[in-house]
Amino acid sequence: MTGFPLLSVTIFLPLAGVLGILLLARGDDPKKVAQSARNVALWTSAGTFITSLFIWGGFDSSSAGFQFVES
């Protein structure tokens, strides 16, 4: 297992997406704001899904101990 914090990224990436959408919500044109919010939501969801695939791929079902522990 690498030192990259996969659990933290998987948990907090959607929160970062929400903050990005809130920052983009200050535009004048509602259609542009809605499209930007959709784009941020799509890429945030894709990033979360990809990090969850790394967690799924690295899971060892033969191990009884804790896995992906961060401190």
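This report describes the helices, buried residues and surface of a predicted model.

## Helix 1 and its kink

Helix 1 covers residues 6-24, and its 19 residues should span 27 Å at 1.5 Å a residue, a value with which the 27 Å separation of its end C-alpha atoms agrees. Within helix 1 there is nevertheless a kink of about 35°, which is located at phenylalanine 12, shortly before the proline at position 14.

The residues Leu6, Thr10 and Gly17 of helix 1 are buried, and the partner against which the buried residues of this helix pack is helix 2, residues 30-58. Leucine 19, which also belongs to helix 1, is not among those buried residues: its relative accessibility is 48%, and because the partly exposed class ends at 50%, leucine 19 counts as partly exposed.

## Helix 2 and its buried residues

Helix 2 is made of 29 residues and reaches 42 Å from its first C-alpha to its last, which is close to the 42 Å expected at 1.5 Å a residue. Its buried residues are Val33, Thr44, Thr48, Thr51 and Ile55, and the buried residues of helix 2 pack against helix 1, just as those of helix 1 pack against helix 2.

Serine 45 is likewise placed in helix 2, but with a relative accessible area of 48% it is partly exposed. The C-alpha atom of serine 45 is separated by 16 Å from that of alanine 34, a residue eleven places away along the chain.

## Contacts between the two helices

Two threonines of helix 2 show in detail how this packing is arranged. Threonine 48 lies in helix 2 and has a relative accessible area of 16%, so it falls under the 20% limit and is buried. When neighbours within four places in sequence are left aside, threonine 48 is in contact with Thr10, Leu13 and Pro14; of these, Thr10 is itself listed as buried in helix 1, while proline 14 is the proline that the kink at phenylalanine 12 shortly precedes.

Threonine 51, also in helix 2, is buried with a relative accessible area of 10%. With neighbours within four places in sequence again left aside, threonine 51 is in contact with Leu6, Val9 and Thr10, and both Leu6 and Thr10 are buried residues of helix 1. Thr10 therefore appears among the contacts of threonine 48 and also among those of threonine 51.

## A nonpolar surface patch

Which residues form a nonpolar patch on the surface? The patch consists of Leu7, Ile11, Phe12, Leu15, Val18, Leu19 and Leu22, and together these residues have about 670 Å² of accessible area. Phenylalanine 12, the site of the kink in helix 1, is thus a member of the patch, as is the partly exposed leucine 19.

## The segments outside the helices

Proline 5 lies in the segment before helix 1 and counts as partly exposed at 34% relative accessibility. Although proline 5 and valine 69 are 64 residues apart along the chain, their C-alpha atoms are separated by 8.8 Å.

The segment after helix 2 contains glutamine 67, which is partly exposed with a relative accessible area of 21%. Not counting residues up to four places away in sequence, glutamine 67 touches Gly58, Phe59 and Asp60, and its C-alpha atom is separated by 9.5 Å from that of isoleucine 55, twelve residues away along the chain. Isoleucine 55 is one of the buried residues of helix 2.

Phenylalanine 68 belongs to the segment after helix 2 as well, and with a relative accessible area of 13% it is buried. Its backbone deserves a separate remark, since phenylalanine 68 has a positive phi of about 60° although it is not a glycine. Most residues other than glycine have a negative phi.

Technical notes: Residues are numbered from 1 along each chain as its sequence is written. This is a predicted model: local features need pLDDT of at least 70, side-chain atom pairs count only at pLDDT 80 or more; totals for chains, interfaces and linings use all residues. Side-chain values use heavy atoms; hydrogens and water are left out. Helices (H or I, at least four residues) and strands (E, at least two) are DSSP runs, numbered from the N terminus. The expected span of a helix is 1.5 Å times one less than its number of residues. The bend at a residue is the angle between axes fitted to the seven residues ending there and the seven starting there. Buried means under 20% relative accessible area, exposed over 50%, partly exposed in between (1.4 Å probe, protein chains only). Contact means heavy atoms within 4.5 Å. Patches are made of residues with over 30% relative accessible area and no salt bridge: like charges are joined within 9 Å, nonpolar side chains (Val, Leu, Ile, Met, Phe, Trp, Tyr) within 5 Å. Accessible areas come from the Shrake-Rupley method with a 1.4 Å probe; for residues, only the protein chains shown count as cover. A salt bridge is a side-chain nitrogen of Lys or Arg within 4 Å of a carboxyl oxygen of Asp or Glu.
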